Amino acid sequence: MIIYNVTINIEPSVHDEWLQWMQEIHIPEVMQTNLFIENRILKVLGDDDQEGYTYSIQYTCNSLDDYENYKMKFAPELQAKHNERYKDKFVSFRTLLEII
């Protein structure tokens, strides 16, 4: 199994609205692709300050092929929605993890 992990630091000025949007809109849209079997959002502890709040959003899929399918067909549009909505209010990076 593969975990697609998005680590994001979000500015305090939009934090509450962003978290609600992620839970109610963005994550459900990602899951509607039917390429992931579960998701979770984790808050990085001890990292809250004026610079923002850090989260790890994890999506689990059955195979690397499922992830590649998501990346090619769905990720550009979904990421663009996030980028337009929170432009200059976040920094993020993505990693792939394999469950052993």
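This briefing walks through the sheet, the helices and a few chosen residues of the structure above. The model is a predicted one. At its heart for our purposes is an open sheet of 4 strands, ordered E2-E3-E1-E4 with antiparallel pairing. Helix H1 lies across three of these strands, E1, E2 and E3, while helix H2 packs on the sheet by touching E1, E3 and E4.

**The sheet**

- Reading across the open sheet, the strand order is E2-E3-E1-E4, and the pairing is antiparallel.
- Strand E2 (38-43) and strand E4 (90-98) are the edge strands, and each of them pairs on one side only.
- From one strand to the next, the twist averages 15°.
- E2 and strand E3 (residues 53-61) run antiparallel and are joined by 6 bridges.
- If you would like a specific pair to look at, Glu38 has Thr60 in E3 as its bridge partner.

**Helices on the sheet**

- Helix H1 spans residues 15-31 and runs at about 10° to E3. Strand E1 (2-10) and E2 also lie under the list of strands that H1 crosses.
- Helix H2, residues 64-73, touches E1, E3 and E4, and its direction makes about 45° with that of E1.

**Thr60, a residue to zoom in on**

- Thr60 sits in strand E3, where Thr60 is the bridge partner of Glu38.
- Is Thr60 buried or exposed? Its relative accessible area is 2%, so Thr60 is buried, the cut-off being under 20%.
- Beyond its neighbours within four places in sequence, Thr60 is in contact with Met1, Ile2, Ile3, Phe36, Ile37, Glu38 and Ile99.

**Met1 and a nonpolar surface patch**

- Met1 is placed in the segment before E1.
- With 45% relative accessibility, Met1 counts as partly exposed, because that value falls between the 20% limit for buried and the 50% limit for exposed.
- Together with Ile37 and Ile99, Met1 forms a nonpolar patch on the surface, and the accessible area of the three together is about 270 Å².
- Met1, Ile37 and Ile99 also appear among the contacts of Thr60.

**Glu84 in helix H3**

- Glu84 belongs to helix H3, which covers residues 75-85.
- Glu84 has 66% relative accessibility and therefore counts as exposed, the threshold being over 50%.
- How far apart are the C-alpha atoms of Glu84 and Asn9? They are separated by 16 Å, with the two residues 75 apart along the chain.

Terms used
Residues are numbered from 1 along each chain as its sequence is written. This is a predicted model: local features need pLDDT of at least 70, side-chain atom pairs count only at pLDDT 80 or more; totals for chains, interfaces and linings use all residues. Side-chain values use heavy atoms; hydrogens and water are left out. Two strands pair if DSSP finds at least two bridges between them. Helices (H or I, at least four residues) and strands (E, at least two) are DSSP runs, numbered from the N terminus. Axes are lines fitted to C-alpha atoms, for helices over the stretch in contact, and angles run from 0 to 180 degrees between N-to-C directions. Contact means heavy atoms within 4.5 Å. Buried means under 20% relative accessible area, exposed over 50%, partly exposed in between (1.4 Å probe, protein chains only). Patches are made of residues with over 30% relative accessible area and no salt bridge: like charges are joined within 9 Å, nonpolar side chains (Val, Leu, Ile, Met, Phe, Trp, Tyr) within 5 Å. Accessible areas come from the Shrake-Rupley method with a 1.4 Å probe; for residues, only the protein chains shown count as cover. A salt bridge is a side-chain nitrogen of Lys or Arg within 4 Å of a carboxyl oxygen of Asp or Glu.
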